[in-house]
Amino acid sequence: MKRIITLLLILFVSFIALNSQENESIKNWFIAHTRFLSDDITEGRGPGSKGIEIAGKYIVSFMEYLGLKPAFNGSYYQWLETRGSKIIPEKFDIETPKGSLNLDFFKDYVMTSNHSEKEVLLKSVPLVFVGYGIKAEEYKWDDYKGVDVKGKILLFLVNDPPSDDPKFFDGKGMTYYGRWTYKFEEAERRGAVGALIIHITEKAGYGWDVVQNSWSGEQIFRKGTENKNLKFNGWITRAVAEKLFESCGLNLLEMMKRAESRKFKPVSLPLKMNVHFKNDEREIETANIAGIVEGKSKKDEYIVFSAHYDHLGLKPDYPGEDKIFNGALDNASGVACALIVAKLLMEDPPERSVIIFIPTLEEAGLDGTKYFVKNPPVPREKILLNINVDSMNIWGIVSDFVLRGIEYYDLKGVPERLSSKLGVKIKPDPNPEFGSFFRSDHFPFAVEGIPALSVSAGNEFVGKPSDYSDKIIWDYISKHYHKPSDELRDDWDLESVIQEINFVYQLTREFADSDVKPEIKPLTQLYYWSKILRELP
Ligand SMILES: [Zn+2]
């Protein structure tokens with residue numbers, strides 16, 4: 001008996017040791033990858049920079065070391081042609097009934113232009129307030145009633161109409177109609193020449209500084225996606241919008257209230273806009289990266305595991321000393337996770353193949369992944385599922401994980417099985433109001449009809465108060481999100497990173513080892529959005 005107990009004890013201790021050894025190795029790999037990828041030498045991994053090339057070579061070297069099969073005809077790279085465009089503002093003023101209002105770039109507004117004209121000059125163009133700027137058949141909603149907006153500049157509210165009814169614009173959740181991308185796409189479809197969103201922090205979920213950092217400096221557009229009508233799109237501050245409405249004898253809050261009704265009609269404002277800017281352009285090549293872990297028995301069925309490696313780059317005009325947007329959490333940490341998942345899979349290959357996909361241009365409108373799903377390295381119908389990670393959990397051990405998008409799919413019991421195996425809860429996005437489903441690389445997969453999930457830790461932190469999750473999210477967004485200070489720090493909780501890596505590895509493994517084919521549920525919101533989005537280049 002004593003011998004058996006001793007034997008069991010030895011087994012148990014060695015199991016723990018093995019496990020902790022493996023965890024120790026995961027931790028070391030994670031730190032090594034993240035530290036290198038977010039080092040100043042990679043210059044914030046802005047597409048077109050030397051820095052992102054160095055980061056790319058690091059990733060490819062590691063894939064080569066692991067023995068992943070190059071995904072693109074013998075190459076790990078899928079090159080994309082893009083255009084870098086930097087706006088040089090000359091004039092941005094608005095003639096109001098109370099005189100002219102001159103706006104300052106960065107302070108009052110920011111804008112970009114995905115139009116091929118090198119110099120844009122617009123004189124006395126009328127402004128139309130279109131509320132949320134949404135036309136959605138499923139909600140019987142039309143903000144463009146009876147108005148031709150061709151040749152005009154549109155003024156939008158951010159997000160979608162507020163609601164507590166889950167059947168109406170997804171209640172407190174954000175629908176695709178709430179995203180700025182939709183609004184600008186709609187402006188282009190309707191022939192407007194300009195589009196401006198009124199930034200309201202509480203409705204956007206992030207501050208004006210995030211808008212400034214994201215939309216000033218060089219923007220990158222994939223070739224072939226140029227607008228035909230829309231010459232510029234931008235954001236103005238709430239204070240500017242208040243002034244504009246006031247000058248017409250109107251009030252922003254009242255206009256917001258009006259826009260919340262189905263009866264809302266667009267308002268032609270007594271405002272004329274003069275816009276003059278130059279577009280400083282350069283050609284940029286940037287690459288998606290992918291390697292394949294070949295499956296043992298079902299080689300030609302694929303799970304795509306993705307994590308973007310691009311970030312905002314180096315912005316010479318950014319105020320303050322630090323100009324490098326290191327993007328350690330967003331998303332060097334996710335790439336590190338993807339490389340570790342690749343390593344674990346190579347050590348014990350699954351039945352199906354797994355493509356480790358490291359896209360570029362995530363921060364430039366998910367364009368790397370959009371290109372990948374339209375030009376996949378394997379037949380698209382053989383891609384069964386996408387699992388995406390973007391920024392790891394560095395805040396503590398959780399008892400729940402989120403699979404963003406889970407509500408749109410029939411995953412054939414896999415999450416339930418995994419949940420009981422690992423003893424963690426698996427749930428949909430607890431903060432759908434941020435519209436995260438539209439904001440990372442799983443989304444283009446979803447649009448193309450490939451089931452896609454974005455994984456992140458949930459909001460139930462072990463041993464922490466219930467408001468901890470909201471606090472850390474807001475603290476991170478206001479201090480580090482899309483800022484130069486997103487750097488690898490000593491206070492990152494690496495135990496929770498290991499927990500998440502183990503979770504996504506197990507999730508990938510479950511799908512890669514099983515026979516199940518995830519399916520799309522009919523007539524969810526995803527159906528309506530993808531219908532609109534699939535038309536785009
Ligand atoms: Zn990201």
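User: His308 and Asp390: buried or exposed?
Analyst: Both of them are buried. Keep in mind that this is a predicted model.

User: Fine. Which protein atoms are the donors of the zinc ion?
Analyst: His308 gives NE2, Asp330 gives an OD atom, and Asp390 is listed with OD twice. The donors lie 2.0 to 2.3 Å from the zinc ion.

User: And why is the arrangement called irregular?
Analyst: The four donor atoms subtend angles of 56 to 144° around the zinc ion, and that makes the arrangement irregular. Four donors would count as tetrahedral if all angles were between 85 and 135 degrees.

User: What spacing do the donors follow along the chain?
Analyst: The spacing is H-x21-D-x59-D. His308 lies in the loop between strand 13 (298–306) and strand 14 (313–314), while Asp390 is in the loop between strand 17 (383–389) and strand 18 (400–404), so the pair ties together parts 82 residues apart in sequence.

User: Switching to aromatics. How many aromatic pairs are there in the whole structure?
Analyst: The search finds 44 of them. One of these is Phe129 with Phe245, an edge-to-face pair at 5.3 Å centre to centre with 85° between the planes. That pair links distant parts of the chain: Phe129 belongs to strand 5 (residues 119–129) and Phe245 to helix 6 (residues 238–247), 116 residues apart.

User: Are Phe129 and Phe245 buried or exposed?
Analyst: Buried, both of them.

User: What else does Phe129 touch, leaving aside its neighbours within four places in sequence?
Analyst: Besides Phe245, the contacts of Phe129 are Leu155, Leu157, Ile198, Met255, Phe264, Pro266, Val267 and Leu269. Phe129 also shows up in the largest nonpolar core, which has 168 residues. Phe129, Ile198, Ile236, Phe305 and Ile356 touch the most other members there.

User: Where does the largest share of this core come from?
Analyst: From helix 8 (residues 328–347), with 13 residues.

User: Which rings have the charged end of a lysine over them?
Analyst: Phe325 has the charged end of Lys315 over its ring, 5.8 Å from the centre. Tyr468 has that of Lys464, 4.8 Å from the centre of its ring.

User: OK, helix 3. How many of its residues are buried?
Analyst: Nine of the 10 residues in helix 3 (residues 180–189), so it counts as mostly covered. Charged side chains are on that list too: the buried residues include Lys183, Glu185, Glu186 and Glu188, along with Trp180, Tyr182 and Phe184.

User: What do those buried residues pack against?
Analyst: Several elements, among them strand 8 (153–157), strand 9 (194–198), helix 5 (208–215) and helix 14 (525–533). Just after helix 3, Gly191 takes a positive phi of about 85°.

User: Two single residues left. Where is Thr82, and which residues does it touch?
Analyst: Thr82 sits in strand 2 (residues 77–96). Its relative accessible area is 0%, so Thr82 is buried. Leaving out residues up to four places away in sequence, Thr82 touches Ile220, Phe221, Arg222, Lys223, Arg282, Glu283, Ile284, Thr286 and Leu361.

User: And Ile501: why does it count as buried?
Analyst: Its relative accessibility is 0%, so Ile501 counts as buried. Ile501 lies in helix 13 (residues 494–513). Apart from neighbours within four places in sequence, Ile501 is in contact with Ile26, Phe30, Cys337, Ile340 and Met392.

User: How many Å apart are Ile501 and Asn233?
Analyst: They are 38 Å apart, C-alpha to C-alpha, and 268 residues apart in sequence.

Key
Residues are numbered from 1 along each chain as its sequence is written. This is a predicted model: local features need pLDDT of at least 70, side-chain atom pairs count only at pLDDT 80 or more; totals for chains, interfaces and linings use all residues. Side-chain values use heavy atoms; hydrogens and water are left out. Helices (H or I, at least four residues) and strands (E, at least two) are DSSP runs, numbered from the N terminus. Buried means under 20% relative accessible area, exposed over 50%, partly exposed in between (1.4 Å probe, protein chains only). Contact means heavy atoms within 4.5 Å. Rings of Phe, Tyr and Trp (its six-membered ring) pair if their centres lie within 6.5 Å; planes under 30 degrees apart count as stacked, over 60 as edge-to-face and the rest as tilted. A charge sits over a ring if NZ of Lys or CZ of Arg is within 6 Å of the ring centre and within 35 degrees of the ring normal. Donors are N, O and S atoms within 2.8 Å of the metal (3.2 Å for Na, K and Ca); water is not among the atoms, so sites may look incomplete. Four donors count as tetrahedral if all angles lie between 85 and 135 degrees; four count as square planar and six as octahedral if opposite donors are over 155 degrees apart and all others between 65 and 115; anything else is irregular. A nonpolar core is a set of buried Ala, Val, Leu, Ile, Met, Phe, Trp, Tyr and Cys residues joined through side-chain atoms within 4.5 Å.
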